[in-house]
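Subject: Structure handover

Hello,

Here is the structure for you to take over. My notes on it follow below the entry.

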Amino acid sequence: MTKLIEFSAITEAAERLNGKVIRTATIPAPKLTEKLQRPVFLKLENTQLGGSFKARGVLNKFLSLADDVKDNRFVAVSGGNFGIAIAEAAKIFGADVTIIMPQSAPATAIDRVGELGSSVIVESDVHAAFKRAKALADQGYVVIDDCNDSLIAEGHGTLALEFIADCPELTDVLIAVGGGGMLAGVATALKAIRPEMRIWGVETSGASSMHQALRAGKPVNIEVTSIISTLGVPVIDEMMLAHAQAYIEEVVVVSDKAAVEGMVAFGEDAKLWVELASGTLIPAAMAIAPKLPANAVIGMVVCGGNISHKDMSKWVSYSQTL
C-alpha cells in the first residue's frame, strides 16, 4: 500500500521554508462570489517567488538535499513553472541543473530558465522530454520529478496552512492538477486540520491523467492534447493517485476553451493576471457550485501567473477556433 504524506512533514516544511518563500495573500473575490452565489476566496500563489506555488516544493527539496546539491548533476522535465522554480533554486544553491521542456511550454518560461543559468533542452513533446530525461539519468544525472517526490509535495502543502489560517471558514477548495503534488500536499494539510473539508481536483479533457486513473483505479497512460503544458502529465504517479483516492471528492474536467475563458475571467472579474492552469478553476467552480450546500465557502488556489501578453493573446485567438 502506498504511504501517504504525514501532516507533521508539512509543518516541518513550513518551518524550513519560513522566510525563504512569500507568505502569499488570501483575498475575497466579490465578482466571483456573485457569479457562483457562494463566498469565494483566492490564495494568490501567482505572486509567489518565480510566479507559482512550485517554489515551495522545490526549495523544500533543495534545502533537504543540503550538501548533496553540489555533488550531483540534476535533470528535470517541466512544462514551465517547475523549470523556473528549479532554475531559481539552482542559482541559489549553485546546482548543475538541466531542464527539459516540450515545445508547447510558454516561450517566456523557456527563456526564463535560460536567463537563470540552467541548461535548457527543448523536445518535440512531453513524451520526448521524459525520454531525454531518462537518457540523462542513465548517464548519472539525478532526476527531480515533482510527480512522485514527497518532499516537493510537502513543500507545496505549506500553502494550505496559510490558506486555512487566513480563511478558516473554507468548506471547499479547488486545485488544478498537473502531476498531483500540490493536490497531495494541500489535501493532506486541509484534511488533517478539518476532516470535513471538500477537496476538488481540476484537469482539462486533454490532460486528464488523474481523472482517468481514478476511474481505472490505477495509473493510466494518456495522450496529452491539452494546450496547457503545465498540466500535461502523461501518467499520474501511484503516490499522487493514492492521495487523490484518500482525500478528494472528484476531479472536475473542463475544456481548453473553458480554461481560456476562465483565465480571461480572472482578469476581468478578479483583476488578476493568471495562466491557463489557474483559468481552469472558474469553470470547474461553476460546475460544482450547484451541488454545494448554501453555506459553502469556496477557495481557489491561484497556482501561477507566468504568462506573457503574447501568450495570452495567442490562447484567446486559438480558443475562438474551438
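A pocket, as the word is used here, is an open set of grid points where a 1.4 Å probe fits, with protein on both sides within 12 Å along at least five of seven lines. A volume is the space filled by probe spheres set on those points. Please keep in mind that the model is a predicted one.

Pockets

By that definition, the second largest pocket holds about 170 Å³ of space. Its lining consists of K20, L49, A55, V58, L59, L63, A85, E88, A89, I92 and F93. Nine of these lining residues are nonpolar, two are charged and no polar residue is present. Helices α3 (54–65) and α4 each contribute at least two residues to the lining of this pocket, and α4 gives the most, with five residues.

The largest pocket has a volume of about 790 Å³. It is lined by 49 residues, and those nearest its centre are V126, F130, C147, G232 and V233. By class, the lining of the largest pocket splits into 23 nonpolar, 19 polar and seven charged residues. Three helices, α4 (81–93), α6 (126–138) and α8, each supply at least two residues of this lining. The largest share comes from α6, with five residues. Helix α4 thus appears in the linings of the largest pocket and of the second largest pocket.

Cavity

How many cavities of 30 Å³ or more does a search of the whole structure find? There is one, and its volume is about 140 Å³. This largest cavity is lined by 14 residues, with P106, S229, T230, E275 and N306 the closest to its centre. The lining of the cavity divides into seven nonpolar residues, six polar residues and one charged residue.

The four-stranded sheet

Four strands make up an open sheet with the order β5-β4-β3-β6, and the pairing is parallel. At the edges are β5 (119–123) and β6 (142–143); each has a single partner strand, so one side of each has no neighbour in the sheet.

Strand β3 (residues 73–77) is mostly covered, with four of its five residues buried. Five bridges connect β3 to strand β4 (residues 96–102), and the two run parallel. Within that pairing, F74 stands opposite V97 in β4. The chain gets from β3 to β4 by way of α4, in a β-α-β crossover that is right-handed. Towards β6, strand β3 pairs in the parallel sense over two bridges. F74 stands opposite V142 in β6, while V75 has V143 in β6 as its bridge partner.

Strand β7 and its partners

Strand β7 (residues 172–176) has five of its five residues buried. D172, L174 and A176 lie on one side and V173 and I175 on the other, so that both faces of β7 are covered. The strand is joined to β8 (residues 198–204) by five bridges, and these two strands run parallel. V173 stands opposite I199 in β8. From β7 the chain passes through helix α8 (residues 181–193) to β8, and this β-α-β crossover is right-handed. Helix α8 is also one of the helices that supply at least two residues to the lining of the largest pocket.

Strand β7 is also joined to strand β10 (residues 298–302), by three bridges and in parallel. The bridge partner of D172 in β10 is I298.

Helix α11

Does the length of α11 agree or disagree with the span expected for a helix? Helix α11 covers residues 256–269, which is 14 residues, and at 1.5 Å a residue it should span 20 Å. Its end C-alpha atoms are 19 Å apart, which agrees with the expected span. The expected value is 1.5 Å times one less than the number of residues.

The buried residues of α11 are D256, A258, A259, V260, G262, M263, A265, F266 and D269; buried here means under 20% relative accessible area. Just after the helix, K271 takes a positive phi of about 60 degrees.

Regards

Definitions and conventions
Residues are numbered from 1 along each chain as its sequence is written. This is a predicted model: local features need pLDDT of at least 70, side-chain atom pairs count only at pLDDT 80 or more; totals for chains, interfaces and linings use all residues. Side-chain values use heavy atoms; hydrogens and water are left out. On a 1 Å grid over the protein atoms alone, a cavity is a set of points where a 1.4 Å probe fits but cannot get out, and a pocket is an open set with protein on both sides within 12 Å along at least five of seven lines; lining residues have an atom within 4 Å of a point. Ala, Val, Leu, Ile, Met, Phe, Trp, Tyr, Cys and Pro count as nonpolar, Asp, Glu, Lys and Arg as charged, and the others, Gly among them, as polar. Buried means under 20% relative accessible area, exposed over 50%, partly exposed in between (1.4 Å probe, protein chains only). Two strands pair if DSSP finds at least two bridges between them. A crossover is right-handed if, with the strands pointing away from the viewer, the path from the first strand over the helix to the second runs clockwise.
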